[in-house]
Amino acid sequence: MAAPLPAPTKFTTHQNLRHRLVLATLTGTPLHVTQIRSNSLTPGLTSSEFSLLRLLDTITNGSFFEISVTGTTFIYKPGLITGNNGKPIHHTLPETCTRGVTYYLEPLALLAPFSKSAFSITLNGGVITTATDEDPSVDTFRTAYLPLFAKFGMERNIELRILKRSAGPTGAGEVHFVHGHQLRVAKTMHLQTPGRVKKIRGVVYAIGVSAGNNARMIEAARGVLNRFIPDVYVFSDVARPQIVPADYGKEGALESAGGVMKGRAGGKTKKVGMGFGISLVAETGTGCVYAADATARPSEPAEDVGKRVAWMLLEEIALGGCVGRTGAMAVLTMMMMGVEGDVGRVVLGRGVIDEGFVSRLRDIKRIFGTEVAIRDAPTEGNVLVSIVGRGVGNVGRKLA
């Protein structure tokens, strides 16, 4: 007789929804989430969140979703992470999606190591590849987020290809994410020496606008950073805007056309995804990385964007620690998935620990059933975070 499923872990509101879904999928813990924007004029899950649930359903086998009519309550019973048994996956984001594509890539990067098969996922549709107010750009994800997994023993067959660039607020880009390094259990990590910054790398991009903006951003950023370090190299990328139907991005337009792009809006088209921005990554001698990026605001000169991101990077470095705000929670989640009983340690800057960080640690405690120890680090302004691995590991590999 099969063992009964555990009672769902109950949460309220949409805060940390993505992180809770990832933790639940990794551990096989059912979730019951209520009061999702219940007091809002537009209650319930957003189109971006619905798309994330559909993506989770695609990469798992046996997942169960039960969503209320208003979308303010749902039950999620996770299945086995299979990655569609190694077959390519094409997932189309809604045209009205306002989140950057890293909103979907970050959960995929955390789930892929514990999949039964390799991940090969193409995301298209309303894809915003640039930085938004809530999500980093794909360049920061590729150069600062993915390298963190090498510290847990994942170094091969991990790649993000940017097929089409597109800026917000209406995206039409395309990316291809490949993760072919699956593990039984993540390696225990000890990262306690931040080191000194030895080089700064970056990417500037111009989509559908003058390529001269790239040179202006690079010059402005180097004007700030070269006073601290001479080894600064920024790559320049120029892309065309995306041509889409004139009604692209309007609510219900795709459904009215029967899901067909060709011939929409009487054949009229428009350009979307135009803009420019910059992503910078600083690397220390011990392999620690700090990142900052931004996209130009309306009417903001390229020089101001370059200077703004350069100062943002310096502020990130000033926070200290071995991991910046971009990947701090991903590192803690992977440490929790480590060898059972082994204690992993990482030094974080005191400024990284804010209200949202503590809220996510409480979620980890409720789902994993373990606490995170935080105490002062030997270096001033930093804290030492210790986590005992739970040894959950890759269930698909166990069965295989």
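**Figure 1. Four strands make an open sheet in the order β13-β12-β16-β17.** The model is predicted. Pairing in this sheet is mixed. β13 (232–239) and β17 (289–295) are the edge strands, and each pairs on one side only. From one strand to the next, the twist averages 10°.

**Figure 2. Strands β12 and β16 run antiparallel.** How many bridges join β12 to β16? Ten bridges link the two, with β12 covering residues 197–207 and β16 covering residues 275–284. One position to look for is I207, which stands opposite G275 in β16. Strands of a sheet pair through backbone hydrogen bonds, either parallel or antiparallel.

**Figure 3. Helices α4 and α7 pack against the sheet that holds β12, β16 and β17.** Helix α4 spans residues 138–145 and lies across β12, β16 and β17. The direction of α4 runs at about 175° to β17. Helix α7, residues 302–319, also touches β12, β16 and β17. The direction of α7 makes about 155° with that of β17.

**Figure 4. Helix α4 is mostly covered.** Six of the eight residues of α4 are buried. Which residues of α4 are buried? They are V138, D139, T140, F141, A144 and Y145. An α-helix has 3.6 residues a turn, so residues three or four places apart point the same way.

**Figure 5. A second view shows an open sheet of four strands, ordered β7-β8-β10-β9.** The pairing here is mixed. β7 (89–93) and β9 (158–164) stand at the edges. Each has a single partner strand, so one side of each is left without a neighbour in the sheet. The twist averages 15° from one strand to the next.

**Figure 6. β7 pairs with β8 in the parallel sense.** Five bridges connect β7 to β8, which covers residues 119–125. T92 stands opposite N124 in β8. Helix α2 packs on this sheet and touches β7 and β8. The direction of α2 makes about 170° with that of β7. The next residue to find is L93, whose bridge partner in β8 is G125.

**Figure 7. β7 has one covered face and one uncovered face.** Which residues of β7 lie on the covered face? I89, H91 and L93 do. H90 and T92 make up the uncovered face. In a regular strand the side chains alternate between the two faces of the sheet.

**Figure 8. Helices α2 and α3 cross at roughly 25°.** α2 covers residues 47–59 and α3 covers residues 102–111. Their axes come within 11 Å. Because angles under 35 degrees count as roughly parallel, α2 is roughly parallel to α3. The crossing of α2 past α3 is right-handed. From α2, the contact is made by S48, E49, S51, L52, L55, L56 and I59. From α3, the partners are Y103, Y104, P107, L108 and L111. By class, this contact of α2 with α3 has nine nonpolar, two polar and one charged residues.

**Figure 9. Helices α1 and α3 cross at roughly 20°.** α1 spans residues 17–27, and the axes of α1 and α3 come within 10 Å. α1 and α3 are therefore roughly parallel to each other. α1 passes α3 in a right-handed crossing. On the α1 side, R18, V22, T25 and L26 meet the other helix. On the α3 side, the contact residues are T102, Y103, E106, P107, L110 and L111. The residues of this contact of α1 with α3 divide into six nonpolar, two polar and two charged.

**Figure 10. V347 sits in strand β18.** The strand covers residues 343–349. Is V347 buried or exposed? V347 counts as buried, at 3% relative accessibility. Leaving aside neighbours within four places in sequence, V347 is in contact with L191, Q192, G321, C322, V323, A377, N382, V383 and L384. V383 lies 36 residues from V347 along the chain, and their C-alpha atoms are separated by 5.7 Å.

**Figure 11. G266 is found in a loop between α6 and β15.** The loop joins α6 (253–256) to β15 (269–272). G266 is exposed, with a relative accessible area of 75%. D247 is 19 residues from G266 along the chain, and the C-alpha atoms of the two are separated by 9.6 Å.

How values were computed
Residues are numbered from 1 along each chain as its sequence is written. This is a predicted model: local features need pLDDT of at least 70, side-chain atom pairs count only at pLDDT 80 or more; totals for chains, interfaces and linings use all residues. Side-chain values use heavy atoms; hydrogens and water are left out. Axes are lines fitted to C-alpha atoms, for helices over the stretch in contact, and angles run from 0 to 180 degrees between N-to-C directions. Angles under 35 degrees count as roughly parallel, over 145 as roughly antiparallel, 65 to 115 as roughly perpendicular and the rest as oblique. A crossing is left-handed if the near helix is turned anticlockwise from the far one by less than a right angle, and right-handed if clockwise. Contact means heavy atoms within 4.5 Å. Ala, Val, Leu, Ile, Met, Phe, Trp, Tyr, Cys and Pro count as nonpolar, Asp, Glu, Lys and Arg as charged, and the others, Gly among them, as polar. Two strands pair if DSSP finds at least two bridges between them. Buried means under 20% relative accessible area, exposed over 50%, partly exposed in between (1.4 Å probe, protein chains only).
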